[in-house]
Amino acid sequence: MLKILLVEDEKTFHESISKMLRESGNEVIIAKNLARFQEEMGKEWDILLLDRQLGSEDAWSWFAQNKSKFNTKGVYLISACSGIQQRSQESLNYPVVSKHPPMDFMARLQEEILQFQKRQARQTISDVRKQATALNQKPLMEFYNSVYLSKPSYMIGIDTRMHKIQEQIERFAPGDIPILVTGPTGTGKELVADALHKRSGRKGNFATINLSALSENLLELELFGSVKGAFTGAEDKKGYFETCDNGTLFLDEIGDISPLIQVKLLRFLEYKTFQRVGSTEEKRSNVRIVCATNKDLRQEMDSDKFRKDLYYRIACMEIQLPAMKERSEADFDLLLEHFCQNYESNNNLRLGTFILPEKIYKILKEFEWPGNVREFKHAVKGMLQYANDGKDFIIEDEHIPYYILHPAIAPKNKTQIALERLVDSIPIEISHEELESIQNELEYLFLNRIYLRYGKNWSKVCKLCDMGETFYKLNKMSKSFRPIYERIVGKENTEEQ
Ligand SMILES: Nc1ncnc2c1ncn2[C@@H]1O[C@H](COP(=O)(O)OP(=O)(O)OP(=O)(O)O)[C@@H](O)[C@H]1O
Ligand SMILES: [Mg+2]
């Protein structure tokens, strides 16, 4: 629990802010004018939230002159105008939370406070459990749940973008307008589709169909169904449009469908009718279509691979998911905590001591995560499984996948891998002389290849490899380098140097 002093004169703001903060278990005192604010001087506060204008008085200027008389650990300036941010930070040097746009304001404030709590309570996620208990504070995930208690949340995330996505899910879920979910692989597109169905109140089934996994004929049958005799061996069979009547059909990889399926889908979206394969009977379905893709459909449209009319039909309500590396630090921590909790509940255990050293925490946080949340989730699961000694989880380097620990040799960088292999092939038991000769040999091989590649032009080699005069001029070369040089250029050609 934090002790928070809220200095704010606008009723709508101080009512909603204090409600939110109190619901998360904090103690909040409101000062609606400067006189009331002055009374709090000298008392101990965890956080001061300070609006600029109190009636006609400038609270920031007054605070700038009197801040030494306040005993507050964290100060956040609340600003009504966005342009003020830079100036205020210069004079008061505290973070500013802008009231505009109002929809984002609460989320931003929550995030700032969460950050503050984190800084106060811990240095790494490992400490949150220990210190949160010690300070009688809620661990991060519980804190998150309490903030979002009134809104069921299906996507873990607290930053502004995730807040917007939650908001979009709530608003888009009712009704039957198609929804397009876009974002790189593993960012949670299917999770969004599932959440949309759950929040829609639709009583019918939810089904996912991966459009890229099936041939055109098979896909047609799966989507629209068939009638007996339509082709050899054909049976009366319902397709997804029928089995998901009054429900939701999630069409994954929509960017991969053939022109024929595009036409049929468009027709369905226009008239809500379709025909089973082999039948002319028009059938109706009240299925909600949610589509997803990690392709750029606009680009597909420009190269005539995706119909424009279909794009405009499915893309009027779009939910864009951010890549893992674009997400905030608070979100990273929440996901980490969430996947740890998942691991606990899936394995029916409670993490005893959980230590994630700052160094490893930083590596995980700075990693690019090209596979996004999915990749992160599996890395966390693997890390816990490996570190699980039946009681405690002390995370060490070896519990982290090698390619994450050494991002410089990520799978893509073949040269680096080859070089590492080469160096690894050097025996451990080796004399100083042998090692020196290997070093020289490597140098020779490297420079000789470049020399041959660039038309046996030594001065070019020196330029390319950024080697100075000592390598260029024979008389300045070191004793140890001279034989290498002579092997490359040839003794007979060294005279002019
Ligand atoms: N915000 C989130 N909170 C919790 N779990 C998440 C979140 N985002 C993704 N995940 C988890 O990551 C995994 C991948 O999510 P999902 O399958 O929805 O991704 P996707 O965008 O559909 O990926 P692809 O494009 O590869 O099909 C799932 O296990 C999902 O539960
Ligand atoms: Mg998916």
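In this predicted model, a good place to begin is glutamate 190, where a backbone N or O atom sits 3.0 Å from an oxygen atom of ligand 1. Glycine 186 makes a similar approach through its backbone: one of its polar backbone atoms is 2.8 Å from an oxygen atom of the ligand. With threonine 185 the side chain takes part, placing a polar atom 2.5 Å from an oxygen atom of ligand 1. Together with its surroundings, the protein covers 87% of the 630 Å² of accessible area that ligand 1 has on its own.

Let us widen the view to the whole shell. Ligand 1 is surrounded by 20 residues, and the closest of them are Thr185, Gly186, Lys189, Arg374 and Lys377. Sorted by class, the shell contains eight nonpolar, six polar and six charged residues. Three elements each give two or more residues to this shell, namely α9 (189-200), α15 (329-346) and α17 (372-387). Where does ligand 1 lie with respect to domain 2 and domain 3? Both domain 2 (160-320) and domain 3 (324-409) give residues to the shell, so the ligand lies between them.

From the ligand, we can turn to the strands. One open sheet has five strands in the order β9-β12-β15-β8-β16, with parallel pairing. Its edge strands are β9 (206-210) and β16 (318-320), each of which pairs on one side only. On average, neighbouring strands in this sheet are turned by 20° against each other, ignoring direction. To follow one pairing by eye, look at β8 (residues 179-182) and β15 (residues 288-293), which run in the parallel sense and are joined over four bridges. Here isoleucine 179 stands opposite valine 290 in β15.

Another open sheet is built from five strands in the order β2-β1-β3-β6-β7, and its pairing is parallel. Why is one side of β2 and of β7 left without a neighbour in the sheet? Strands β2 (27-31) and β7 (96-98) stand at the edges and each has a single partner strand, so one side of each stays without a neighbour there. In this sheet, the average turn between neighbouring strands is 25°, again ignoring direction. A pairing to look for is that of β1 (residues 3-7) with β3 (residues 44-51), which is parallel and extends over four bridges. Within it, valine 7 stands opposite leucine 50 in β3.

Key. Residues are numbered from 1 along each chain as its sequence is written. Chains are lettered from A and ligands numbered from 1 in the order in which they are written. This is a predicted model: local features need pLDDT of at least 70, side-chain atom pairs count only at pLDDT 80 or more; totals for chains, interfaces and linings use all residues. Side-chain values use heavy atoms; hydrogens and water are left out. A residue is near a molecule or strand if one of its heavy atoms lies within 4 Å of it. A polar contact is a pair of N or O atoms within 3.5 Å; within protein, one must be able to donate a hydrogen and the other to accept it, and residues adjacent in sequence count only if both atoms are side-chain atoms. Accessible areas come from the Shrake-Rupley method with a 1.4 Å probe; for residues, only the protein chains shown count as cover. Ala, Val, Leu, Ile, Met, Phe, Trp, Tyr, Cys and Pro count as nonpolar, Asp, Glu, Lys and Arg as charged, and the others, Gly among them, as polar. Domain bounds come from an automatic or database domain assignment. Two strands pair if DSSP finds at least two bridges between them. Axes are lines fitted to C-alpha atoms, for helices over the stretch in contact, and angles run from 0 to 180 degrees between N-to-C directions.
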